[in-house]
Amino acid sequence: MSVTDTAPSPLVVTAPPERFFGYYPGTVAVVTAAHGGDRNVMSAGWHAALSADPPLYGVAFGRERYTYGLVRASNAFAVHFLPFERADAIAGAGSLSRHDGVDKFERLGLATSTGRVLDVPILHDAYLAYECRVDAVHTTGDHDFVVGSVVAVHHRPDAFDERRLQDGARVPGVVYYGRSTFEALGSGARGEFTPERYRERKPV
Ligand SMILES: Cc1cc2nc3c(=O)[nH]c(=O)nc-3n(C[C@H](O)[C@H](O)[C@H](O)COP(=O)(O)O)c2cc1C
């Protein structure tokens, strides 16, 4: 018997995928891409920094996402982080699909500019955004994990302090708990943005 096996585990064991999403809360990124006059935006909870030098950032895309088609066609995407005030847009970009013909930029009130280096929409509401050129694609189960080389970084200067830490008092970050529930870091304010809210075309 190992020295750690002195008492029964207090943890309850289940067979995956049950309880798989218990790893939340976490930050949900908002990803844009464009190709051939078309463009789109979606949410992605599965994203990660992968390397500092060179700077690499990865996003897991469901292969059926409309956005993913634009990423593969253009070899480019942009990753954004939005403040709690735009949790409605984070949820909406992940609840609506361009496959249904919706212009999510217009529907969610997302103003954009074209990227500095790449032809990707940059969301004005972001406090941080990366322009990414596709570096590699790895199939990971029911998603494709796309590794992007970060070629430009956009940020809101007032969102960060002199140590380059996010200033949560001025620009609260947002964490996602699952089940359409978002929380403002710091204040603990919560908002619930269910998919029905968007599908019924209620004001967002
Ligand atoms: C909170 C949240 C997180 C999500 N994370 C991911 C993700 O990491 N990868 C993914 O492919 N889809 C993710 N989705 C689902 C897509 O955002 C959703 O299917 C969206 O409608 C795709 O839009 P599109 O078809 O217009 O590209 C997430 C949705 C939500 C609400």
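These are my notebook entries on a predicted model of one chain with a ligand.

**Entry 1: overall build**

I began with the whole chain. I counted four helices and 12 strands. The C-alpha trace spans about 65 × 45 × 35 Å along its principal axes. I then checked the radius of gyration. A compact globule of 204 residues would have a value near 17 Å, and the chain has 18 Å, so the two agree. Burial came next. Buried residues make up 33% of the 204 residues. I also looked at contact range. Of the contacts with a separation of 6 or more, 59% join residues 24 or more positions apart.

**Entry 2: the ligand shell**

Which residues are closest to the ligand? I found 22 residues around the ligand, with Trp46, Gly62, Thr67, Gly94 and Ser97 the closest. I sorted the shell by class: 10 residues are nonpolar, 10 are polar and two are charged.

I then asked which elements supply the shell. Strand 2 (38-44), strand 4 (55-62), helix 1 (66-74) and helix 2 (87-95) each give at least two residues. Strand 2 has the largest share, with four residues.

**Entry 3: Gly62**

I picked Gly62 from the closest residues. Gly62 sits in strand 4. Buried or exposed? I counted 13 C-beta neighbours inside 10 Å, so Gly62 is partly exposed; the exposed class stops at 12. Leaving out residues up to four places away in sequence, Gly62 touches Tyr68, Asp142 and His143. I also took a distance to Ala78. The two residues are 16 apart along the chain, and their C-alpha atoms are separated by 16 Å.

**Entry 4: helix 2 and the core**

Helix 2 also contributes to the ligand shell. I checked how covered this helix is. Eight of its nine residues are buried. The buried ones are Ala87, Ala89, Ile90, Ala91, Gly92, Ala93, Gly94 and Ser95. Gly94 is also among the residues closest to the ligand.

Ile90 led me to the largest nonpolar core, which has 43 residues. Which of them touch the most other members? They are Val31, Phe77, Ala78, Val79 and Ile90. I followed Ala78 further. Beyond its neighbours within four places in sequence, Ala78 contacts Val31, Thr32, Gly115, Val120, Pro121, Ile122, Ala129, Tyr130, Glu131 and Cys132.

**Entry 5: the hairpin of strands 10 and 11**

I moved on to strand 10 (residues 174-178) and strand 11 (residues 181-184). They pair in the antiparallel sense over four bridges. One pairing I looked up is Tyr176, whose bridge partner in strand 11 is Phe182. The two strands form a hairpin with two residues between them. Arg179 lies in that loop. Its phi is near 50 degrees, a positive value in a residue other than glycine. Arg179 has 9 C-beta neighbours inside 10 Å, so I logged Arg179 as exposed.

**Entry 6: backbone exceptions**

Most residues other than glycine have a negative phi, and most peptide bonds are trans. I listed departures from this.

- Arg19 has a positive phi near 70 degrees. Arg19 lies in the segment before strand 1 and is exposed, because 11 C-beta neighbours fall inside 10 Å.
- The peptide bond from Pro16 to Pro17 is cis, with omega near 15 degrees. Pro17 is in the segment before strand 1 (29-35).
- The peptide bond from Asp53 to Pro54 is cis too, with omega near 5 degrees. Pro54 is in the loop between strand 3 (47-52) and strand 4.

Definitions and conventions. Residues are numbered from 1 along each chain as its sequence is written. This is a predicted model: local features need pLDDT of at least 70, side-chain atom pairs count only at pLDDT 80 or more; totals for chains, interfaces and linings use all residues. A residue is near a molecule or strand if its C-beta atom, placed from the backbone, lies within 6 Å of it. Ala, Val, Leu, Ile, Met, Phe, Trp, Tyr, Cys and Pro count as nonpolar, Asp, Glu, Lys and Arg as charged, and the others, Gly among them, as polar. A residue is buried if 20 or more other C-beta atoms lie within 10 Å of its own, exposed if 12 or fewer, and partly exposed in between; C-beta atoms are placed from the backbone. The radius of gyration is taken over C-alpha atoms; the globule rule is 2.2 Å times the number of residues to the power 0.38. Two residues are in contact if their C-beta atoms, placed from the backbone, lie within 7 Å. A nonpolar core is a set of buried Ala, Val, Leu, Ile, Met, Phe, Trp, Tyr and Cys residues joined through C-beta atoms within 7 Å. Two strands pair if DSSP finds at least two bridges between them.
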